[in-house]
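Welcome! This is a short tour for someone meeting this protein for the first time. Please have the picture open as you read.

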Amino acid sequence: MELFHAILGLQAVVLKRWESQSSPHPHFLRDFLFYIGIKSGEGTKHYPWPMVPNNSAVAAAAVLWKRSYLAASESQPSSTNQFHPNTSIPLLSSPSDLFQYVRNVLATGTERERSSAAMFLSTLISELNSGAQKSKTNMNQTMDFHKRSQAKFYETGLNPSIELAMTALQTVLTPPYPTPAYIGKIIELVIDVLSWEFSPRNSWTMVATSSQALIKPPAYLAPQLIKPDLLRLIFTLYHDVRANPEATQISHQLRQLILSFASLSGQIFESDHIRASYSTIIVDGMLSLLSASPTDPSELQDIAATCTRLISNFKLKILSQLPSFGMWISALVNLSTSLIASVTASVEAHGGDFDCLDDEWKFEVFDELMECFVLISDDPSLFAPGPVTMETIQNIKSSLSPIYPTTLLSRIKMSRAEEKFYTIEGRDLDEVRESISAADLTDQIINVSTIGRLNFQNSITCFEAEISKVLTSLKVLFNSNNPDVTPDAAALLEEARILIMFAGHLLTDTCPGETATIPSQILEACSSSVPGAAGIVASIASVVGGLMSLGEFQASKIASTPSDPNLSPLLGEQLTSFFTTFASSYVIPNTRDYDSSMLDAASPLIGGLFGVEASAHRFLEFSVSVATHYFCFWPQEKDLMSSSTELLIVLCKNPGTRKLLPNCDSWKKLAGLFIVAGSLSNIGPAPAVDPNVLANHRLDMGLVAGFKRLNYDARGGVLSILTCGCGGMGDAVSKSIMNEILGVAHGVLGRLLVGIEGQGGGADVGENAVAVDMCCLAIELYGGICRSPFAGIVDFDDRGSNDNGESYILTRFVTPSLSKLAGLMLMFGGNMTICAALLRCFKDYSESYIAFLNTVESTALYSASNVLLEGYSTLTKGGKLKRSKEEEEEDEEQEYFDVLCAIQLLNHLGTKEFMDCVDGNNPGSVNDFVSGGAAGAPVEVTDVIFFGISQLLPLVSGLLQYPKLCSQFFDLVGYVVETYPEKLDKVPADFFEGLVGSMLWGMGNVDEQVGKHCLVGIEALAKEHLGGGLRKVIGEKPDTFKVCVGKLLREIVFVHSVVQDRMDSCGGCLMVLIAVDLGYFTNYTIQAGINGKGNVGRQARKLFKKNFQLFVQHVHSFLHTL
């Protein structure tokens, strides 16, 4: 170990003192380490060296060669066999000398010397390929140095390295074989060469395709890399060693080598013919391995990865022309089905206990194979005329068809067994494991469903048969009225849930943020020109109809026995999630999302399901009715409430279905239910309702009593649904419903204010449970209006032109109530639930409607926000809100929910569009903050924002460890400080100091954007001061920018791991700070102890100069790359 540590120490010292040493000295040490590493310490008393110090010497030599590579490349090659004076150490003046020496060692050296030479070359390539960010060794050099070294090696060293590696590989693959250890070293060298990442001319790149890295070397390397005979030798050697248990390591290395060669792509192949000949060898090799029935987990994983790489690289255009392609695909399909069947049998054998499985690796191999098949399924050659014949396409679809039914049945069996096991054991998965398991299952179902669409008729037929059996069994279970969930019942419910998941992913695509459409493969399968299309449409209708029947039956049962555990709210949630995605694509789809040919093809499908008004009407009746039952009889199920709300929102946002709502009885019933029970408090029994009113709305007291129990947040969601469905509709029914439901919200707020006034509006109103409850209801109802997606779906003509002073129906309703809602903060703000709800309400209103507000409405929002924040500030004095014991036990996000809402509200108020609309001469209660209470001083929107920030600063100081809140806060601070720095001259000096302090803390945050926001903010303040601004506040806090300079230098500039990702912002900020006070900067640089290590005087100045020069070089090299 002494040798090992001595070598590491020598390397560190040489690197640190490289610049201060005369030229021959570090080069001699570099060549010395290289020589003794290759010769295993020849000439020393420890000869031959053990492997550890020997390898460390080789690695150190590679690092020193990287450090000197730029300079060495400018040197002339030395004469043959020159040595350093008075030594036997070879003089390697240039890269040419180095590669020639390595070439000689690989050709004539002992096996250990050749291994060391291969290791040296591999380490050198890795070091030069890694760049500054990932370098294994700290050389205290700039990014520019690493990039130039990398570029120079690409020009002068990469080609000879490839030539040496490929020659050595050819040698070790030719019998008689050397030892496995040496073969492994050569394989590692070749893999490192093929892993080259960076090219200054973009001629050698690593391209990520379907999560698989493809290697695209330049064309001139084709003679060295494209060697079919070499590939055959690799497979021959692999077959010789794979059965040898002592050659496990080299077997894996050979598979990794094959994977690397399978990744070669791009212009290195001159023609498709060469590409096909090359890929044939690998495909045939993979087929031979598959034919040997491999069972080793590592081998199967590598085989699956290589096959996936082949598909992503060569595509069906090339691979489908190969003679063995069909057999290869069939072998992969057989492997995947056997793996999933094997896992299923193992799960059933262990009674559903996954913890007892010892073959979970089969899931990994199976998932990798699914990725391979998905690449095939998504290949454009399957859907457009081209080199792939129709016969080949049909053969591919036929070959892949067993995957969907096999996986479907296997996942059902495994889910049944697992659920039954946990029910018998009386325990559940922990949340983390359950979340991971659910994500893995979802990904697997998505992949399998994508593959299943290739032969959609086969897949939907199989699914229809399975779901029909389960639906029949479920209805029997629902009728059993069993008070307990038996293991068999739990297994059946889980089976149904999994089947519904399969249905959703088979029939629809998961496309968040995109317009949902019917998948093109399904449209093609249901085209009138396709034989059997009518049967496919009938199967889809049967599946969807069966699930609707299940939903209706479940709804009818919960109306009578809502506490029956076998009815399963989780199953209801899965049903509503399915219908949400299904409705987005299939229920009256927007014809503008399809071209004419697709519409013609889709006519049987659209007409046979819910694409026309007559059939869509039934779907609407079903959806609203089932959701209403969930609202009334399972109000405590929050996730189910959310999914039910989402389903109805999707239907309301679709123009085709929204116009059908006024004619739906279930829609009118939901509206009537809200009109009758929407204002009822959760406290106390349901009041008697006039029977005539119930009859008029076709309601019964069971629905009313159930809706009364609905939590206020969900009740606000129902109001969002109703305003969205009625918005912009000109019919009398919708207008009447809109007026009545808005009247409910207005009435609740009005009764609350009247009640408060009746009590004298005393401070004890917040202690009145009835008043608090009514306040929560009023806020959530208005919050439901504020969160309504009505704003995003109504045409301009439906809301009028704000430029002419006209207002929008919902903003016209909300505007007069804003000041009343804001006033509730002072009355009830001591209640954290009410405080957070009010901030959320205002945040949602500004987020949804700020673009639609006219001047009067904008000013009203601004004034109300002013009052709201003033009330919030009175509650936050001391820097902490009083929270109840229950609130303190909530999750961490709830801990700062009110603060986050306040930050987001200020962000929305800071938008330019809003500021341009607001009357800037409107005085407000922020007057004391911005002008010291000067009478008549105008208060602008920016004043309100800075006042809000001043109240948030004490609160966020203990919450900035939460990334979401930290990011939002500094996004706000950075924006307003950069945009309105001149406004800060009016704020209190203590707030200014705190604001600057927060930015000084944030500029070193691990989040790059947070750091940049803070640095840009400080730079903006410094620029404003240079321009003559901020005189008042800087006069009171004269040391502000001195503190900034010191903290920036100590904690950012010289902490290179921090400065790397915010180089431009850091350089710009420091430049302006120096301009603000050059004298202080100069004095600071000569202070004692600047490095924190006791250095003083000249030592400190030298160290500062070195560090600062390094920082400037970093900035320069960064800007040079832009």
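A residue counts as buried when its relative accessible area is under 20%. By that measure, both F578 and F582 are buried. Please keep in mind that this is a predicted model.

**The chain as a whole**

The secondary structure of the protein chain comes to 53 helices and two strands. Of the 1122 residues in the protein chain, 55% are buried. The protein chain exposes about 46800 Å², and 53% of that is supplied by carbon and sulfur atoms. If you take the contacts between residues at least 6 apart in sequence, 76% join residues at least 24 apart.

**Aromatic rings**

The count of aromatic pairs comes to 28. One of them is formed by F34 and F120, which is edge-to-face, with 4.7 Å from centre to centre and 65° between the planes. This pair links distant parts of the chain: F34 belongs to helix α2 (residues 24-38) and F120 to helix α5 (residues 111-134), with their positions 86 residues apart. F34 and F120 are buried.

Now back to F578 and F582. Their ring centres are 5.7 Å apart and their planes are at 25°, so this pair is stacked. Both sit in helix α23 (residues 569-586), and because they are four residues apart there, about one helical turn separates them. They also share one aromatic cluster with F579, Y586, F610, F619 and F622.

Rings can also have a charge placed over them. The charged end of R30 sits over the ring of W65, 3.9 Å from its centre. In a second case, the charged end of R114 sits over the ring of Y182, 4.8 Å from the ring centre.

**Two helices up close**

Which helix has 18 residues and reaches 26 Å from its first C-alpha to its last? That is helix α37 (residues 832-849), and its reach is close to the 26 Å expected at 1.5 Å a residue. Helix α37 is mostly covered, with 14 of its 18 residues buried. At its start, a side-chain oxygen of N831 comes to within 2.9 Å of the backbone nitrogen of T833.

Helix α51 (residues 1063-1076) has 14 residues that should span 20 Å at 1.5 Å a residue, and its end C-alpha atoms are 20 Å apart, which agrees. Here too the helix is mostly covered: 10 of the 14 residues in α51 are buried. Among the buried residues are S1065, G1068, C1069 and V1072. These four are touched by E1019, leaving out residues up to four places away in sequence. E1019 itself lies in helix α47 (residues 1008-1026). With a relative accessible area of 14%, E1019 is under the 20% cut-off and therefore buried.

**Two more buried residues**

T508 is found in the loop between α20 (487-507) and α21 (520-525). Its relative accessibility is 4%, so T508 counts as buried. The side chain of T508 reaches the backbone oxygen of G504 at 2.4 Å. Beyond its neighbours within four places in sequence, T508 is in contact with residues including F582 and Y586, which both belong to the aromatic cluster described above.

I7 lies in helix α1 (residues 2-16). At 5% relative accessibility, I7 counts as buried. Not counting residues up to four places away in sequence, I7 touches L33, W49, P53, S56, A57 and A60. The C-alpha atoms of I7 and A59 are separated by 9.7 Å, although these residues are 52 apart along the chain.

**Backbone surprises**

Most residues other than glycine have a negative phi, and most peptide bonds are trans. Where does this backbone depart from that pattern? A cis peptide bond joins P175 and P176, with omega about -5°. P176 is in the loop between α7 (158-172) and α8 (180-194). The table gives two residues that have a positive phi although they are not glycines.

| Residue | Phi | Place | Relative accessibility |
|---|---|---|---|
| K315 | about 60° | helix α13 (residues 297-319) | 37%, partly exposed |
| R698 | about 55° | loop between α29 (691-696) and α30 (701-708) | 56%, exposed |

Notes: Residues are numbered from 1 along each chain as its sequence is written. This is a predicted model: local features need pLDDT of at least 70, side-chain atom pairs count only at pLDDT 80 or more; totals for chains, interfaces and linings use all residues. Side-chain values use heavy atoms; hydrogens and water are left out. Rings of Phe, Tyr and Trp (its six-membered ring) pair if their centres lie within 6.5 Å; planes under 30 degrees apart count as stacked, over 60 as edge-to-face and the rest as tilted. Buried means under 20% relative accessible area, exposed over 50%, partly exposed in between (1.4 Å probe, protein chains only). A charge sits over a ring if NZ of Lys or CZ of Arg is within 6 Å of the ring centre and within 35 degrees of the ring normal. Contact means heavy atoms within 4.5 Å. Accessible areas come from the Shrake-Rupley method with a 1.4 Å probe; for residues, only the protein chains shown count as cover. The expected span of a helix is 1.5 Å times one less than its number of residues. A polar contact is a pair of N or O atoms within 3.5 Å; within protein, one must be able to donate a hydrogen and the other to accept it, and residues adjacent in sequence count only if both atoms are side-chain atoms.
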